[in-house]
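Please look over the sequence and the structure shown here before reading the briefing that follows. The points are grouped by topic, so that each can be followed on the model.

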Amino acid sequence: MRPFLPLAALACLAAAPALAQPAASHVVVRDTLPRPVNIRVAEADGAAAIEAQRIALEAARADAELQRRVLLHQRKIGTLTDAQYREGLSGYDRAIDGYRQLRPGQRVRPDGAEAAVLEKQIIDFTAARDGLGAPSVLAEVDTLRGDRGEVRLPAEALQSSLAARLEQARAELPDDARHAPARAYLDGLERRAAEQLPALADARGNVALADTVEIIEEVQVAYTMSMESWPVMLRVRSIPEQAIVELRALASAPLAFTTDTQREVIRGWFDYTVSKAGYKTVEGKDLNLVWAEGLFTCQLVPEDSPQAPLPCNIE
């Protein structure tokens, strides 16, 4: 079982009673942000502290949204029971309802006690052991506010956290050649992060959270997958029947079998060949068997037809 790390972006809330609403205050409107933020402050230091709190809460909201997507992915691939799924969504609803009480744009913020209640709601959700299996990557990366008001992350720290997640996911795969497609998929994810994050970074080395959610989400889901969730049952058919299918993944021995059957394969990206005497051979690349599940169908074209071979579909 993986240990949980604290939500670094929220740690300041629990330890900072000074964030309680001051008795004497006035309203400050920050028109320079895309969404005006109205907060009560007594002095400049107080304003900075409350703004830091707001940024942390917004990052926590994004964290909860990310965990909701993880729930949906895990439910789809069958690693959560119905009860775990419902419980996880209930935790998400509580976290988001609490966040809305402190959302940017309201005239008066709740005091420190109410902020602490929200913090607990979100931590309870993101640190739940009800099938999520891991806290968000955002828990390990400091968040900050960009010039345009968006939440940003240090690209180098984010890349390091994603690499650590993927390394642990690889370490927990069974040590056998059969799981080579899964290892290749995890390696590919790490390469994507290493290529994308520096390209998205600004001059200060920071990336917008909105631009990185997709890669964070994919790493998060891969990290939370148990050993039992990597195999997937693939159903294969061809028209006409009884063609020979070969699946090839990086660093993995080819899998060959006839159509109109089903076969357990390890999730990953595959190239494929489908052949049958009297018909044109189908050559395909980058078949996504990581999240795609269902029926793999190939419509074969006779050798004497002027039509080119058709790619296979997965439904």
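**Hairpin, sheet, helix pair and cores**

Strands β7 and β8 form a hairpin in which six residues lie between the two strands, and Ala251 in the turn has a positive phi of about 60°. The model is a predicted one, and the points below begin with this hairpin and its sheet before turning to a helix pair and the nonpolar cores.

**The hairpin and its sheet**

- Within the hairpin, strand β7 (residues 244-248) and strand β8 (residues 255-258) run antiparallel and are joined by four bridges, with Glu246 standing opposite Ala256 in β8.
- β7 also pairs with strand β10 (residues 269-275), again in the antiparallel sense, over five bridges, and here Ile244 stands opposite Ser275 in β10.
- These strands belong to an open sheet of four strands, whose order is β8-β7-β10-β11 and whose pairing is antiparallel.
- At the edges of this sheet are β8 and β11 (282-288), each of which pairs on one side only, while the twist from one strand to the next averages 20°.

**The α5 and α6 pair**

- Helix α5 (residues 155-171) and helix α6 (residues 180-200) have axes that come within 10 Å and cross at roughly 180°; because angles over 145 degrees count as roughly antiparallel, α5 is described as roughly antiparallel to α6.
- On the α5 side, the residues that meet α6 include Ala155, Leu158, Leu162, Leu166 and Arg170, and their counterparts in α6 include Arg183, Leu186, Asp187, Leu189 and Leu197.
- Sorted by class, this contact of α5 with α6 has 12 nonpolar, one polar and four charged residues.

**The nonpolar cores**

- The largest nonpolar core has 33 residues, and those with the most contacts inside it are Leu153, Leu158, Leu162, Tyr185, Leu186, Ile216 and Trp230.
- At least two residues of this core come from each of α2 (44-76), β4 (151-154), α5, α6 and α7 (209-224).
- Leu158, which is one of the residues with the most contacts inside the largest core, touches Val137, Val141, Leu153, Leu197, Val207, Thr212 and Ile216 when residues up to four places away in sequence are not counted.
- Another core, of 19 residues, lies apart from the largest one, and among its members are Ala243, Leu247, Phe257 and Val265.

Definitions and conventions: Residues are numbered from 1 along each chain as its sequence is written. This is a predicted model: local features need pLDDT of at least 70, side-chain atom pairs count only at pLDDT 80 or more; totals for chains, interfaces and linings use all residues. Side-chain values use heavy atoms; hydrogens and water are left out. Two strands pair if DSSP finds at least two bridges between them. Axes are lines fitted to C-alpha atoms, for helices over the stretch in contact, and angles run from 0 to 180 degrees between N-to-C directions. Angles under 35 degrees count as roughly parallel, over 145 as roughly antiparallel, 65 to 115 as roughly perpendicular and the rest as oblique. Contact means heavy atoms within 4.5 Å. Ala, Val, Leu, Ile, Met, Phe, Trp, Tyr, Cys and Pro count as nonpolar, Asp, Glu, Lys and Arg as charged, and the others, Gly among them, as polar. A nonpolar core is a set of buried Ala, Val, Leu, Ile, Met, Phe, Trp, Tyr and Cys residues joined through side-chain atoms within 4.5 Å. Buried means under 20% relative accessible area, exposed over 50%, partly exposed in between (1.4 Å probe, protein chains only).
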